[in-house]
Amino acid sequence: MEKINLTIDGIDISVAKGSTILQAAKEAKVDIPTLCFLQGVHEPGSCRICVVEVEGWRGLQPACVTKAEEGIVVKTSSRLVRETRRDILELILANHNRECLSCKRNQKCELQKLAEDFGIDSNYYEKKGTCVELDQSGPVVRDTSKCVLCGRCVSVCSNIQKVNAIDLAYRGPNTSVTTPYEQSLSLRSCINCGQCIKVCPVGALQERDDTEKVWKALEDPELHVVVQTAPAVRVALGEEFGLPVGTNVKGKMVTALKRLGFNKIFDTTFGADLTIMEEGTELLHRINNGGKLPLITSCSPGWVKFCEHNYSDFLDNLSSCRSPQQMFGAVAKSYYPQKAGLDANKVFVVSVMPCTAKKFEADREELKINGLKDVDAVITTRELAKMIKQAGINFNELSDSYYDELLGTSTGAGVIFANTGGVMEAALRTVADILTGEDLQTIEYHEVRGLEGTKEATVNINGMELNVAIAHGTGNAAKLLDTIREGKADYHFIEVMACPGGCINGGGQPILMDKSKTQEVNQLRAASIYSLDRTAVKRKSHDNPEIKKIYAEFLDKPGSSKAHQLLHTHYIARN
Amino acid sequence: MGNTKILSSRFGKIKPDSVEEFVAAGGYEGLKKAITMKPEEIIQEIKNAYLFGRGGAAYPTGVKWEQAYAIPLEKGPKYMICNADEGEPGTFKDRHIMAEDPLMLIEGMTIGAFIFGAKEGYIYCRGEYSGIQKILKSAIKNATEAGYLGENIMGTGLNFNIKVVSGAGAYVCGENTALVESIEGKTGRPRRKPPYIKNAGLNMMPTVLNNVETYACIPWIVKEGGETFLSVGTEFSGGTKLMCLSGNVVQRGVYEVPFGTTLRELIYGLGGGIAGGKTLKFVHLGGSSGACFPEELLDTKICYNDLRKNGLSLGSGAVLVVDDTHCVVDYLKTVMEFFEDESCGKCTPCREGNRRMVEILEKLTSGRGAKEDLERLQRLARTMRNTSFCGLGQSAPVPVTTLLKHFAAEFEAHVQGRCPSGKCSMSGVRR
């Protein structure tokens, strides 16, 4: 690799040709503050907080996008640089709603940290910014009074997710991030994936707060409140309490939920195993009966809405299966009350999800059964952490507890739903056993794992060649579906998850202060999920004793008419 | 002052879109000569002419074209673009060329197309110039019918067509990369450089982009020779310049003057001096982002070198004359309101800096200003100049710093609650 030499703050350093000054500084162990920059996602060079002095060059240079050149002498902390960065920061802050105490990003805000680092202690300018509207029409809440116009959300929404719900509009002091015709997000093609929330450096984007709904239900003596937790939550919740990334806190989480007063603590992985039973059956049925192929998974509500908006010609390809969250809810309001001797109307189902789109999914009209919603309230990993803190629970000191029985037994297959490729792998484990009629011991499908944008594999099961593909991030899904539209690809089964990396990187997961570490964090969370699978007692959905029980005592068999009534759904074109 | 007219010789004398009348008045002789020359020879003539970009940046056109010519055609099509956005306040020269002799511009672009082998040209015309766009389109149509545009131009095998395009009226679209974004149908916001437009401009292909007046000089240079062009001007600035005289002068208008003419000759000679028997307070040269300076500098010659030595820049050639009944702070506030509104909003220093400058100037004009506000203006000006994304934000503070320099006492008076010319409301002064 060709190298170039330069000097940064008196430190001589040799870096790869083509490196930016920011990258070179990192290698020289020199910190340069950034705000708008998010490597590989958003590199506009527009906030100018990262400016540095290069001897002999006119003006100051944005380190994030300026390529280092041979022999340059860079100063990153001269008086001019420090004063200029302070000016820039003051200009941003002057236009920012500085109510940090009442902001959800308090202490996780990149702007707040910059203000602290620079010792901003006063506010010179008078007028507030002009953006004051609050869009809380859907699960993703936008507070433009806090927006710093970095544009990260726009890049994620347009370039990574290909949703194009928002863009920068107008100019000068009227510049804002907004939707077409300034409609509320919920009226547009927004899929509620929440990836914009994850990249927002400040509190301009947040999930709708549903914790109050949950508190109220818990405090209502009439209600029997059950909670389900998605698999991705257990490997991320600990981060909110300062535990190392990827720590499995399943046991502590269950204890905390008991302490919060939930009547029963159940596991969404049960719903995931149920999904595999139904979806695996659906796949084999479609293959054997000339049904519509490829079958595409429908577990990810962000993906489903994306498909409804942009690929409505594929709606018949979507599995008719409800997502694990909804399947769980449906049986929690039918099978569970029957077994427990409860009035289904008094059962209140709460979900803890790594996801903001699940809030939208729970509200879908077509998922109501006899007028009852499957799920009554959805909170994110972040919201659960807040509730635990508010309840004064010392999370890190908690001992472990187990999920409650009936809907709380998990298999490794259900757990890996959290990772991209996980639904596919779980389905293959069950389908392979069905096709061979054996209890196969080779159950790890490494070809469908990993963080590449799209993956494909051909799996041979008992002579049947199954062509499968996996996409995560709706931008990658779009690319994959385009190849099918063009007739360039032929698959039997496709897994799509709306968020890059899958649910472990969902829009409801903990916010990273250093967002450049996203990939690293995703890998650690994913590894933790796979290790839970490896150590699981049962690793196949159909081996889950509670799954066997529910079919034997309630649902009859996968694909039965009862299963269809409770566990399946349909989709709506939203062109 | 010499009388050589390079650009305005046909103004008012021919029907603007008539090819016959244009040719009868010496038009297309540059192109006819150009097609007998090698591209390198034409470029050499332009270099000899010391022609500098007339849009404001004053980049040597010969050098620009030499660099563009060196880019191999295999890299993709080369586009010819004419910047006819003419958004700089106080600038109204390009409209005269386009309204009165548009074929001169078209001829200049065609010579460029011949050099670069370009097939497509664009005239990005200011949205407000709807009438002029019609004239341009008509001239293009007529030139095509006469064989000066279109397929196999004058038997050379050159195919070249020009389209007239327009934005929605944003000042920033005069910036080259924002202009190109606008032609592509995107929001007019500047791109990061590098890559420069010569390598990756329109559709990320090599692009040659010049101002209307720059292109208009090309036919004459080719026809008469670069050295002749240079001899009309000064040692370092060839040819003539269309100067836009406006403000408190007797005879406002566009004047073609040879380089070397002084500003005093322009204002007091051609312009007839200050209107209404008033006294000159300052001149705002080169457009809103140009310098403001008092009478002492009026003997500076209109010449890139002489102006630079005095810390001035010719810009687009706008000369806005302000008499002594005006208040510098009030004037500056109006100028900065323009930049506040016209900032594209992309980078922090320009978007927020301009609006905060307006806020400070509002304080000063209403008598609520303090000494620290003047320091803050200086500091913001430095930060905007050093860190803005494009030329808009980098140069917007120039009138601030130059007025602060030349009229410090008047700013001080405002801090003390007094507007010497009585223009400002000073309504917030505590008495």
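Biologist: Which residues does A:C153 touch, leaving out those up to four places away in sequence?

Modeller: A:C153 touches A:I166, A:V177, A:C196, A:V199, A:C200 and A:L205. Keep in mind that this is a predicted model.

Biologist: Noted. What sort of core does A:C153 have contacts in?

Modeller: A nonpolar one, the largest, with 163 residues. A:C153 and A:V331 are the residues with the most contacts inside that core.

Biologist: Which helix gives the largest share of this core?

Modeller: Helix α15 of chain A, residues 422-436, which contributes 7 residues.

Biologist: And what is in the second core?

Modeller: That core is separate and has 138 residues, including B:L51, B:W220, B:L392 and B:A396.

Biologist: Chain B, then. What is the strand order in the open sheet there?

Modeller: The order is β3-β4-β2-β1-β5, with mixed pairing. At the edges are β3 (150-153) and β5 (207-211) of chain B, each paired on one side only. On average, neighbouring strands in this sheet are turned by 25° against each other, ignoring direction.

Biologist: In which sense do β2 and β4 of chain B pair, parallel or antiparallel?

Modeller: Parallel, over 5 bridges, with β2(B) covering residues 120-125 and β4(B) residues 158-165. One bridge sets B:Y124 against B:V165 in β4(B).

Biologist: Which helix packs on the sheet and touches β2, β3 and β4 of chain B?

Modeller: Helix α7 of chain B, residues 130-145, and its direction makes about 165° with that of β4(B). Helix α9 of chain B, residues 212-224, lies across β1 (79-84) and β5 of chain B. The angle between α9(B) and β5(B) is about 95°.

Biologist: What about the loop between α8 and β5 of chain B, which prolines are found there?

Modeller: B:P194 is found in that loop, with α8(B) spanning 176-183, and so is B:P195. The peptide bond from B:K193 to B:P194 is cis, with omega near -10°. The bond from B:P194 to B:P195 is also cis, its omega being near 5°. Most peptide bonds are trans.

Biologist: Worth a look on screen. Next, β6 of chain B: how many of its residues are buried?

Modeller: 7 of its 8 residues, 240-247, are buried, which leaves the strand mostly covered. β6(B) runs antiparallel to β7(B), residues 253-258, and 6 bridges join the two. A hairpin of 5 residues connects β6(B) to β7(B), and B:L242 stands opposite B:E256. β6(B) also runs parallel to β10(B), residues 318-323, through 4 bridges. There, B:C244 has B:A318 as its bridge partner.

Biologist: Back to chain A. What do β1 and β2 of chain A form?

Modeller: A hairpin, with 2 residues between the strands. β1(A), residues 3-8, and β2(A), residues 11-16, pair in the antiparallel sense over 6 bridges. A:N5 stands opposite A:S14. In the turn, A:D9 has a positive phi of about 50°. β1(A) also runs parallel to β5(A), residues 73-75, with 2 bridges between them, and A:T7 has A:V73 as a bridge partner.

Biologist: Where is A:Q107 found, and is it buried or exposed?

Modeller: A:Q107 is found in the loop between α2 (79-94) and α3 (110-117) of chain A. A:Q107 counts as exposed because it has 9 C-beta neighbours inside 10 Å. Its phi is near 75°, a positive value in a residue other than glycine. A:D556 also has a positive phi of about 75° without being a glycine. A:D556 lies in the loop between α18 (545-555) and α19 (561-567) of chain A, and counts as partly exposed with 13 C-beta neighbours inside 10 Å.

Biologist: Last one, helix α17 of chain A. Which of its residues are buried?

Modeller: They are A:V521, A:N522, A:R525, A:A526, A:S528, A:I529, A:L532 and A:D533. These residues cover an arc of only 155° around the axis, so they sit on the same side of α17(A). What covers them includes α14 (412-415) of chain A.

Biologist: Which exposed residues are on the face turned away from the buried side of α17(A)?

Modeller: That face carries A:E520 and A:R534. The helix has 17 residues, 518-534, and reaches 24 Å from first C-alpha to last, close to the 24 Å expected at 1.5 Å a residue.

How values were computed:
Residues numbered from 1 in each chain as written. Chains lettered and ligands numbered in written order. Predicted model: local features only at pLDDT ≥ 70, side-chain atom pairs only at ≥ 80, totals over all residues. Pairing = 2+ DSSP bridges. Axes fitted to C-alpha atoms, helices over the stretch in contact; angles between N-to-C directions. Contact = placed C-beta atoms within 7 Å. Core = buried A, V, L, I, M, F, W, Y, C linked by C-beta atoms within 7 Å. Buried ≥ 20, exposed ≤ 12 C-beta atoms within 10 Å, placed from the backbone. Expected span 1.5 Å × (residues − 1). Arc of directions from axis to C-beta.
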